[in-house]
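Here are some short exercises to work through with the model open beside you. Try each task before reading its solution.

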Amino acid sequence: MGKSVGYLTVMFGADLKGFEKAMKKAQRSIGKFGASMKRTGANLTRNVTLPIEQSMLKVKAVSGATATEFKELQNSARELGASTMFTASQVADLQFELAKLGFDPEEIDKAQASILALSQATTHDLAESGEIVAATLNSFNMEASESARVADVFALASSNAAIDMEKLAASMPKVGAIAGALNMDVEKLTAQMMTLADRGMEASTMGTSLRKIFIDLSAKGISLEDALNAINTAIDPVTKATELFGNRAAAAAVILAKNTKATSDYEAELRNAGGTAIKMASIMDSGVSGSLRRLRSASEDVAIELGG
(Lines give C-alpha, C1' and ligand atoms only; values in the text may rest on other atoms or scores of the structure.)
Protein backbone atom coordinates (compact mmCIF):
# COMPACT_ATOMS: atom_id res chain seq x y z
CA MET A 1 0.00 0.00 0.00
CA GLY A 2 2.87 2.36 0.95
CA LYS A 3 4.60 1.60 -2.36
CA SER A 4 1.40 2.36 -4.32
CA VAL A 5 0.96 5.70 -2.57
CA GLY A 6 4.57 6.60 -3.23
CA TYR A 7 4.24 5.66 -6.90
CA LEU A 8 1.12 7.78 -7.27
CA THR A 9 2.81 10.70 -5.54
CA VAL A 10 5.80 10.51 -7.87
CA MET A 11 3.61 10.19 -10.96
CA PHE A 12 1.29 13.03 -9.92
CA GLY A 13 4.25 15.24 -9.17
CA ALA A 14 5.73 14.47 -12.57
CA ASP A 15 2.42 15.19 -14.32
CA LEU A 16 2.05 18.44 -12.39
CA LYS A 17 5.53 19.58 -13.44
CA GLY A 18 4.67 18.73 -17.04
CA PHE A 19 1.45 20.68 -16.77
CA GLU A 20 3.22 23.69 -15.28
CA LYS A 21 5.83 23.53 -18.06
CA ALA A 22 3.12 23.38 -20.72
CA MET A 23 1.27 26.30 -19.14
CA LYS A 24 4.43 28.44 -19.07
CA LYS A 25 5.05 27.62 -22.73
CA ALA A 26 1.47 28.56 -23.59
CA GLN A 27 1.81 31.81 -21.67
CA ARG A 28 4.99 32.65 -23.58
CA SER A 29 3.21 31.91 -26.88
CA ILE A 30 0.27 34.08 -25.89
CA GLY A 31 2.66 36.83 -24.88
CA LYS A 32 4.44 36.66 -28.23
CA PHE A 33 1.11 36.69 -30.06
CA GLY A 34 -0.05 39.71 -28.07
CA ALA A 35 3.18 41.56 -28.83
CA SER A 36 2.85 40.64 -32.49
CA MET A 37 -0.70 41.93 -32.63
CA LYS A 38 0.39 45.14 -30.89
CA ARG A 39 3.11 45.62 -33.51
CA THR A 40 0.58 44.90 -36.26
CA GLY A 41 -1.81 47.46 -34.84
CA ALA A 42 0.97 50.02 -34.59
CA ASN A 43 2.02 49.34 -38.18
CA LEU A 44 -1.55 49.69 -39.42
CA THR A 45 -1.93 52.95 -37.53
CA ARG A 46 1.37 54.30 -38.83
CA ASN A 47 1.09 53.10 -42.45
CA VAL A 48 -2.65 53.26 -43.14
CA THR A 49 -4.74 55.08 -40.55
CA LEU A 50 -2.48 58.09 -39.94
CA PRO A 51 -1.84 58.90 -43.63
CA ILE A 52 -5.58 58.80 -44.36
CA GLU A 53 -6.30 60.87 -41.28
CA GLN A 54 -3.76 63.47 -42.40
CA SER A 55 -5.25 63.56 -45.91
CA MET A 56 -8.75 64.02 -44.52
CA LEU A 57 -7.61 66.77 -42.16
CA LYS A 58 -6.18 68.64 -45.15
CA VAL A 59 -9.59 68.30 -46.81
CA LYS A 60 -11.26 69.70 -43.70
CA ALA A 61 -8.86 72.62 -43.48
CA VAL A 62 -9.18 73.65 -47.12
CA SER A 63 -12.89 72.95 -47.64
CA GLY A 64 -14.05 74.51 -44.39
CA ALA A 65 -16.23 71.48 -43.68
CA THR A 66 -18.28 71.40 -40.50
CA ALA A 67 -17.93 68.43 -38.16
CA THR A 68 -20.95 66.77 -39.76
CA GLU A 69 -19.78 67.46 -43.31
CA PHE A 70 -16.29 66.21 -42.47
CA LYS A 71 -17.70 62.96 -41.10
CA GLU A 72 -19.73 62.49 -44.28
CA LEU A 73 -16.64 63.02 -46.43
CA GLN A 74 -14.70 60.55 -44.31
CA ASN A 75 -17.44 57.97 -44.67
CA SER A 76 -17.69 58.48 -48.43
CA ALA A 77 -13.91 58.11 -48.80
CA ARG A 78 -14.05 54.79 -46.98
CA GLU A 79 -17.14 53.58 -48.83
CA LEU A 80 -15.71 54.42 -52.26
CA GLY A 81 -12.34 53.04 -51.20
CA ALA A 82 -13.88 49.75 -50.16
CA SER A 83 -16.12 49.36 -53.24
CA THR A 84 -13.94 50.59 -56.13
CA MET A 85 -10.43 49.96 -57.46
CA PHE A 86 -9.27 53.08 -55.60
CA THR A 87 -8.21 53.12 -51.97
CA ALA A 88 -9.66 55.42 -49.34
CA SER A 89 -6.33 57.27 -49.35
CA GLN A 90 -6.66 57.99 -53.06
CA VAL A 91 -10.25 59.18 -52.64
CA ALA A 92 -9.12 61.47 -49.81
CA ASP A 93 -6.43 62.92 -52.10
CA LEU A 94 -9.10 63.55 -54.74
CA GLN A 95 -11.29 65.33 -52.20
CA PHE A 96 -8.33 67.52 -51.29
CA GLU A 97 -7.70 68.47 -54.94
CA LEU A 98 -11.35 69.40 -55.38
CA ALA A 99 -11.32 71.43 -52.17
CA LYS A 100 -8.28 73.36 -53.41
CA LEU A 101 -10.22 74.23 -56.56
CA GLY A 102 -12.98 75.80 -54.48
CA PHE A 103 -15.45 72.92 -54.15
CA ASP A 104 -17.41 72.89 -50.92
CA PRO A 105 -18.13 69.58 -49.12
CA GLU A 106 -21.48 69.08 -50.87
CA GLU A 107 -19.93 69.71 -54.29
CA ILE A 108 -17.08 67.32 -53.52
CA ASP A 109 -19.61 64.63 -52.64
CA LYS A 110 -21.52 65.18 -55.89
CA ALA A 111 -18.44 65.16 -58.11
CA GLN A 112 -16.18 62.45 -56.75
CA ALA A 113 -17.93 59.29 -58.03
CA SER A 114 -17.94 60.56 -61.64
CA ILE A 115 -14.27 61.48 -61.45
CA LEU A 116 -13.43 58.04 -60.08
CA ALA A 117 -15.18 56.49 -63.08
CA LEU A 118 -13.33 58.79 -65.50
CA SER A 119 -9.95 58.02 -63.98
CA GLN A 120 -10.60 54.30 -64.10
CA ALA A 121 -12.00 54.45 -67.65
CA THR A 122 -9.01 56.36 -69.01
CA THR A 123 -6.32 55.01 -66.64
CA HIS A 124 -5.39 58.62 -65.89
CA ASP A 125 -4.17 59.75 -62.48
CA LEU A 126 -7.11 60.23 -60.11
CA ALA A 127 -6.09 63.57 -58.60
CA GLU A 128 -5.24 64.98 -62.03
CA SER A 129 -8.57 63.75 -63.41
CA GLY A 130 -10.29 65.60 -60.60
CA GLU A 131 -8.32 68.74 -61.34
CA ILE A 132 -9.22 68.85 -65.06
CA VAL A 133 -12.90 68.05 -64.44
CA ALA A 134 -13.16 70.69 -61.71
CA ALA A 135 -11.35 73.30 -63.82
CA THR A 136 -13.68 72.56 -66.75
CA LEU A 137 -16.77 72.91 -64.58
CA ASN A 138 -15.49 76.26 -63.34
CA SER A 139 -14.60 77.45 -66.86
CA PHE A 140 -18.08 76.74 -68.22
CA ASN A 141 -19.92 77.83 -65.05
CA MET A 142 -21.33 74.36 -64.61
CA GLU A 143 -22.64 72.88 -61.37
CA ALA A 144 -20.77 70.11 -59.52
CA SER A 145 -23.76 67.86 -60.24
CA GLU A 146 -22.76 68.05 -63.92
CA SER A 147 -19.45 66.30 -63.26
CA ALA A 148 -20.81 63.13 -64.83
CA ARG A 149 -21.52 65.03 -68.04
CA VAL A 150 -17.92 66.29 -68.25
CA ALA A 151 -16.55 62.87 -67.30
CA ASP A 152 -18.60 61.20 -70.04
CA VAL A 153 -17.48 63.74 -72.66
CA PHE A 154 -13.82 63.28 -71.76
CA ALA A 155 -14.10 59.48 -71.60
CA LEU A 156 -15.70 59.31 -75.06
CA ALA A 157 -13.24 61.80 -76.55
CA SER A 158 -10.30 59.85 -75.17
CA SER A 159 -11.54 56.61 -76.69
CA ASN A 160 -12.72 57.90 -80.08
CA ALA A 161 -10.03 60.35 -81.21
CA ALA A 162 -6.30 61.03 -81.05
CA ILE A 163 -6.75 62.91 -77.81
CA ASP A 164 -6.32 61.65 -74.27
CA MET A 165 -6.62 63.02 -70.76
CA GLU A 166 -3.09 64.42 -70.82
CA LYS A 167 -3.85 66.42 -73.96
CA LEU A 168 -7.18 67.58 -72.56
CA ALA A 169 -5.46 68.60 -69.32
CA ALA A 170 -2.89 70.61 -71.29
CA SER A 171 -5.26 72.32 -73.71
CA MET A 172 -8.57 72.81 -71.89
CA PRO A 173 -7.27 75.31 -69.27
CA LYS A 174 -5.88 77.53 -72.02
CA VAL A 175 -9.19 77.96 -73.81
CA GLY A 176 -12.01 76.76 -71.55
CA ALA A 177 -12.69 80.06 -69.80
CA ILE A 178 -12.80 82.01 -73.08
CA ALA A 179 -15.09 79.42 -74.68
CA GLY A 180 -17.36 79.49 -71.64
CA ALA A 181 -17.51 83.30 -71.69
CA LEU A 182 -18.66 83.11 -75.33
CA ASN A 183 -21.46 80.67 -74.34
CA MET A 184 -19.83 77.70 -76.06
CA ASP A 185 -20.44 74.42 -74.26
CA VAL A 186 -17.95 71.67 -73.37
CA GLU A 187 -19.23 69.30 -76.06
CA LYS A 188 -18.65 71.77 -78.91
CA LEU A 189 -15.19 72.76 -77.71
CA THR A 190 -14.10 69.17 -77.10
CA ALA A 191 -15.28 68.17 -80.59
CA GLN A 192 -13.06 70.89 -82.09
CA MET A 193 -10.14 69.62 -80.04
CA MET A 194 -10.74 66.07 -81.25
CA THR A 195 -10.60 67.24 -84.87
CA LEU A 196 -7.38 69.17 -84.30
CA ALA A 197 -5.78 66.27 -82.41
CA ASP A 198 -6.68 63.85 -85.20
CA ARG A 199 -4.72 66.07 -87.60
CA GLY A 200 -1.62 65.97 -85.40
CA MET A 201 -1.82 69.27 -83.57
CA GLU A 202 -0.08 69.32 -80.19
CA ALA A 203 -2.16 69.95 -77.08
CA SER A 204 -0.60 73.26 -76.05
CA THR A 205 -0.80 74.63 -79.60
CA MET A 206 -4.39 73.47 -79.84
CA GLY A 207 -5.42 75.36 -76.72
CA THR A 208 -3.65 78.61 -77.54
CA SER A 209 -4.82 78.55 -81.19
CA LEU A 210 -8.46 78.07 -80.24
CA ARG A 211 -8.22 80.79 -77.62
CA LYS A 212 -6.89 83.28 -80.20
CA ILE A 213 -9.56 82.26 -82.70
CA PHE A 214 -12.33 82.86 -80.17
CA ILE A 215 -10.89 86.19 -79.00
CA ASP A 216 -10.50 87.42 -82.58
CA LEU A 217 -14.02 86.29 -83.47
CA SER A 218 -15.41 88.25 -80.53
CA ALA A 219 -13.41 91.34 -81.46
CA LYS A 220 -14.53 91.18 -85.12
CA GLY A 221 -18.14 90.41 -84.23
CA ILE A 222 -18.42 87.38 -86.51
CA SER A 223 -19.40 83.77 -85.81
CA LEU A 224 -17.09 80.78 -86.07
CA GLU A 225 -19.33 79.28 -88.76
CA ASP A 226 -19.08 82.42 -90.90
CA ALA A 227 -15.32 82.56 -90.46
CA LEU A 228 -14.82 78.92 -91.40
CA ASN A 229 -17.10 79.35 -94.42
CA ALA A 230 -15.06 82.38 -95.53
CA ILE A 231 -11.87 80.31 -95.31
CA ASN A 232 -13.41 77.40 -97.25
CA THR A 233 -14.66 79.60 -100.09
CA ALA A 234 -11.52 81.70 -100.37
CA ILE A 235 -9.20 81.31 -103.36
CA ASP A 236 -6.33 80.98 -100.87
CA PRO A 237 -7.65 79.49 -97.59
CA VAL A 238 -4.34 79.92 -95.75
CA THR A 239 -4.12 83.61 -96.59
CA LYS A 240 -7.72 84.11 -95.52
CA ALA A 241 -7.17 82.26 -92.25
CA THR A 242 -4.05 84.32 -91.56
CA GLU A 243 -5.96 87.49 -92.32
CA LEU A 244 -8.66 86.54 -89.85
CA PHE A 245 -6.60 84.99 -87.03
CA GLY A 246 -2.93 85.74 -87.61
CA ASN A 247 -0.02 83.36 -88.14
CA ARG A 248 -0.32 81.63 -84.78
CA ALA A 249 -3.91 80.41 -85.19
CA ALA A 250 -4.16 80.11 -88.99
CA ALA A 251 -3.29 76.39 -89.07
CA ALA A 252 -6.01 75.49 -86.56
CA ALA A 253 -8.54 77.60 -88.44
CA VAL A 254 -7.75 75.89 -91.76
CA ILE A 255 -8.05 72.43 -90.16
CA LEU A 256 -11.42 73.27 -88.65
CA ALA A 257 -12.63 74.82 -91.92
CA LYS A 258 -11.68 71.77 -93.96
CA ASN A 259 -13.16 69.29 -91.46
CA THR A 260 -16.49 70.75 -90.40
CA LYS A 261 -18.27 67.43 -91.02
CA ALA A 262 -15.87 65.51 -88.78
CA THR A 263 -16.27 68.09 -86.01
CA SER A 264 -20.06 68.02 -86.35
CA ASP A 265 -20.07 64.22 -86.11
CA TYR A 266 -17.87 64.30 -83.01
CA GLU A 267 -20.13 66.88 -81.39
CA ALA A 268 -23.20 64.71 -82.01
CA GLU A 269 -21.45 61.73 -80.40
CA LEU A 270 -20.44 63.78 -77.38
CA ARG A 271 -24.00 65.02 -76.86
CA ASN A 272 -25.03 61.39 -76.51
CA ALA A 273 -22.12 60.36 -74.29
CA GLY A 274 -24.20 59.82 -71.14
CA GLY A 275 -22.97 56.84 -69.12
CA THR A 276 -19.76 56.38 -71.12
CA ALA A 277 -17.35 56.80 -68.20
CA ILE A 278 -19.15 54.24 -66.03
CA LYS A 279 -19.42 51.74 -68.90
CA MET A 280 -15.74 52.04 -69.71
CA ALA A 281 -14.80 51.84 -66.03
CA SER A 282 -16.83 48.64 -65.65
CA ILE A 283 -14.94 47.06 -68.53
CA MET A 284 -11.61 48.16 -67.06
CA ASP A 285 -12.65 46.70 -63.69
CA SER A 286 -13.54 43.27 -65.06
CA GLY A 287 -11.32 40.20 -65.02
CA VAL A 288 -8.70 39.05 -62.53
CA SER A 289 -6.80 42.34 -62.43
CA GLY A 290 -9.98 44.22 -61.53
CA SER A 291 -10.74 41.74 -58.77
CA LEU A 292 -7.25 42.16 -57.35
CA ARG A 293 -7.57 45.94 -57.38
CA ARG A 294 -10.90 45.76 -55.55
CA LEU A 295 -9.39 43.32 -53.05
CA ARG A 296 -6.56 45.75 -52.35
CA SER A 297 -9.04 48.57 -51.75
CA ALA A 298 -11.22 46.43 -49.50
CA SER A 299 -8.12 45.29 -47.59
CA GLU A 300 -7.19 48.87 -46.85
CA ASP A 301 -10.66 49.47 -45.42
CA VAL A 302 -10.16 46.49 -43.09
CA ALA A 303 -6.76 47.89 -42.12
CA ILE A 304 -8.36 51.27 -41.33
CA GLU A 305 -10.89 49.52 -39.09
CA LEU A 306 -8.21 47.55 -37.26
CA GLY A 307 -5.79 50.42 -36.99
CA GLY A 308 -8.34 53.04 -35.99
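**Exercise 1.** Work out what share of the contacts with a separation of 6 or more joins residues 24 or more positions apart in the protein chain.

*Solution.* In this predicted model, take the contacts in the protein chain with a separation of 6 or more. Then keep the pairs 24 or more positions apart: they account for 70%.

**Exercise 2.** Describe the secondary structure, burial and surface of the protein chain.

*Solution.* Start with the elements: there are 14 helices and zero strands. Next, look at burial: of the 308 residues, 43% are buried. Finally, turn to the surface: the accessible area is about 16000 Å², and carbon and sulfur atoms contribute 57% of it.

**Exercise 3.** Locate T87 and decide whether T87 is buried or exposed.

*Solution.* First find the loop between α2 (67–83) and α3 (88–100), where T87 sits. Its relative accessibility is 9%. Buried means under 20%, so T87 counts as buried. As a last step, compare sequence and space: I52 is 35 residues away from T87 along the chain, while their C-alpha atoms are 9.8 Å apart.

**Exercise 4.** Which residues gather with E128 in a patch of negative charge, and how accessible is E128?

*Solution.* Begin with the helix: E128 belongs to α5, residues 126–139. Then list the surface patch of negative charge: D125, E128, E131, D164 and E166. For accessibility, E128 has a relative area of 43%. This value falls between the 20% and 50% cut-offs, so E128 is classed as partly exposed.

Conventions
Residues numbered from 1 in each chain as written. Predicted model: local features only at pLDDT ≥ 70, side-chain atom pairs only at ≥ 80, totals over all residues. Heavy atoms only, no water. Patch = residues over 30% accessible without salt bridge, like charges linked within 9 Å, V, L, I, M, F, W, Y side chains within 5 Å. Areas by Shrake-Rupley, 256 points an atom, 1.4 Å probe, with all protein chains shown as cover. Salt bridge = Lys/Arg side-chain N within 4 Å of Asp/Glu carboxyl O. Lys, Arg positive; Asp, Glu negative; His and termini not counted. Charge placed at Lys NZ, Arg CZ, Asp CG, Glu CD. Helix = DSSP H or I, 4+ residues; strand = E, 2+ residues; numbered from the N terminus. Buried < 20%, exposed > 50% of the residue type's maximum accessible area, 1.4 Å probe, protein only. Contact = heavy atoms within 4.5 Å.
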